[in-house]
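Got the model open in your viewer? Let's walk through it, one selection at a time.

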Amino acid sequence: MKKEYFEYRGVDNLVFAEVIADTAENFVTGSVMPLAPIAKIKRSTENSSSPSYYDNQPLLVVSSVGADELGLTVAPLDLETYAKITGQAFDSMLGALIEGPRANKYFAIGYRTKGTDGKHRYVWRYKGQFSIPDEENNTENDSTDTTNTELTWKGVATVHKFTKTKESARSIVIDERYGGINFETFFDMVQTPDTLRGYAINTTRAPEIFPAESVFAGTIVVTIANSMPGVTTYYTMDGTEPKAGNETTIEYTEPFSISETKTIKAYSSRNNVQDSMIITRKFIKEG
């Protein structure tokens with residue numbers, strides 16, 4: 001991947017799911033649900049290290065990683081969600097939160113962060129508990145000041161060791177800048193190292209050529225599309241096989257017009273080494 005530089009400038013799509021089971025055999029979560037509109041997220045991880053001395057010198061350093069803590073600034077939660085994440089009771093008939101003893105529940109949370117380049121990192125954190133949120137309510141006055149809700153989620157590693165890594169995990173972070181997966185369904189379920197599916201390593205998706213109709217009158221505009229991130233598409237219009245560097249091969253950058261019969265062949269290339277199959281479309285002008 002070409003190195004790109006950016007800074008963080010955005011966070012959204014905050015969701016959660018209850019952890020139903022976390023055992024040596026299985027890691028199971030419930031349905032993914034929206035948590036709240038998010039204004040800010042801050043993560044910190046407990047770290048500690050201690051040197052071991054031999055011959056009067058620190059020759060080894062023993063390190064350990066503790067819990068992750070997320071500070072979430074969100075819009076005030078609806079009472080049903082508040083009750084669910086804090087393990088308390090909610091009477092849906094009355095719309096009443098009943099604060100009392102807490103059930104000991106764990107939750108996975110997901111979100112995505114945005115860079116100044118407009119691209120995202122997608123995150124699932126697997127197992128943690130929410131604390132009772134901090135809230136502040138002030139008297140109404142002539143200013144436009146309002147208050148929101150501060151959530152704290154403290155996460156630990158899973159008991160379950162995933163098949164792909166043979167290790168337990170705290171989270172997974174996927175950067176769309178690598179073009180490795182399709183993110184359309186990323187938040188449909190809690191994604192783990194074992195469930196996440198990317199584009200095939202040695203396969204680049206072939207492009208599609210539009211419009212669908214092959215016979216036309218006058219002039220038509222041809223579009224060559226490939227929804228797979230990180231690809232470059234090449235084509236020819238004379239029926240020859242496209243190949244980067246050939247005189248008749250054109251790099252596709254935008255739709256183009258044709259006004260006579262043409263045979264268009266196209267393929268996509270990913271990372272300059274993984275080429276798709278070549279597709280062919282013949283557009284025939286009437287008359």
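Start by selecting strand β15, residues 220-225, along with β18: three bridges join the two, and they run antiparallel. Keep in mind as you click around that this is a predicted model. For a specific pair to look at, pick valine 222, which sits opposite phenylalanine 256 of β18.

Now add β13 to the selection. You have an open sheet of three strands, ordered β13-β15-β18, with antiparallel pairing. Which strands stand at the edges? They are β13 (208-210) and β18 (256-258); each has a single partner strand, so one side of each is left without a neighbour in the sheet. Look at how the strands cross, too: neighbours in this sheet are turned by 30 degrees against each other on average, ignoring direction. As a reminder, strands of a sheet pair through backbone hydrogen bonds, either parallel or antiparallel.

Next, go back along the chain from β13 into the loop that links β12 (171-175) to β13, and pick valine 190 there. Is valine 190 buried or exposed? Its relative accessibility is 4%, so valine 190 counts as buried. Try a distance label here: the C-alpha atoms of valine 190 and proline 37 are separated by 19 Å, with the two residues 153 apart along the chain.

Time for a helix. Select α1, residues 79-86, and colour its buried residues: Thr81, Tyr82, Ala83, Ile85 and Thr86. At the N-terminal end, show the side chain of aspartate 78, which caps α1 with a side-chain oxygen 3.2 Å from the backbone nitrogen of glutamate 80. Then jump to the other side of the helix run: glycine 87, just after α1, has a positive phi of about 70 degrees.

From there, step to strand β5 (residues 57-74) and pick threonine 73. Threonine 73 counts as buried, because its relative accessibility of 11% falls under the 20% cut-off. What does the side chain of threonine 73 touch? Show glutamate 150 and you'll find a polar contact of 3.0 Å between the two side chains.

Last stop: switch on the surface and select Tyr54, Leu59 and Leu60. Together they make a nonpolar surface patch with about 320 Å² of accessible area. Tyrosine 54 belongs to strand β4, residues 38-54. At a relative accessible area of 46%, tyrosine 54 is partly exposed.

Terms used:
Residues numbered from 1 in each chain as written. Predicted model: local features only at pLDDT ≥ 70, side-chain atom pairs only at ≥ 80, totals over all residues. Heavy atoms only, no water. Pairing = 2+ DSSP bridges. Helix = DSSP H or I, 4+ residues; strand = E, 2+ residues; numbered from the N terminus. Axes fitted to C-alpha atoms, helices over the stretch in contact; angles between N-to-C directions. Patch = residues over 30% accessible without salt bridge, like charges linked within 9 Å, V, L, I, M, F, W, Y side chains within 5 Å. Areas by Shrake-Rupley, 256 points an atom, 1.4 Å probe, with all protein chains shown as cover. Salt bridge = Lys/Arg side-chain N within 4 Å of Asp/Glu carboxyl O. Buried < 20%, exposed > 50% of the residue type's maximum accessible area, 1.4 Å probe, protein only. Polar contact = N/O pair within 3.5 Å; in protein donor to acceptor, adjacent residues only side chain to side chain.
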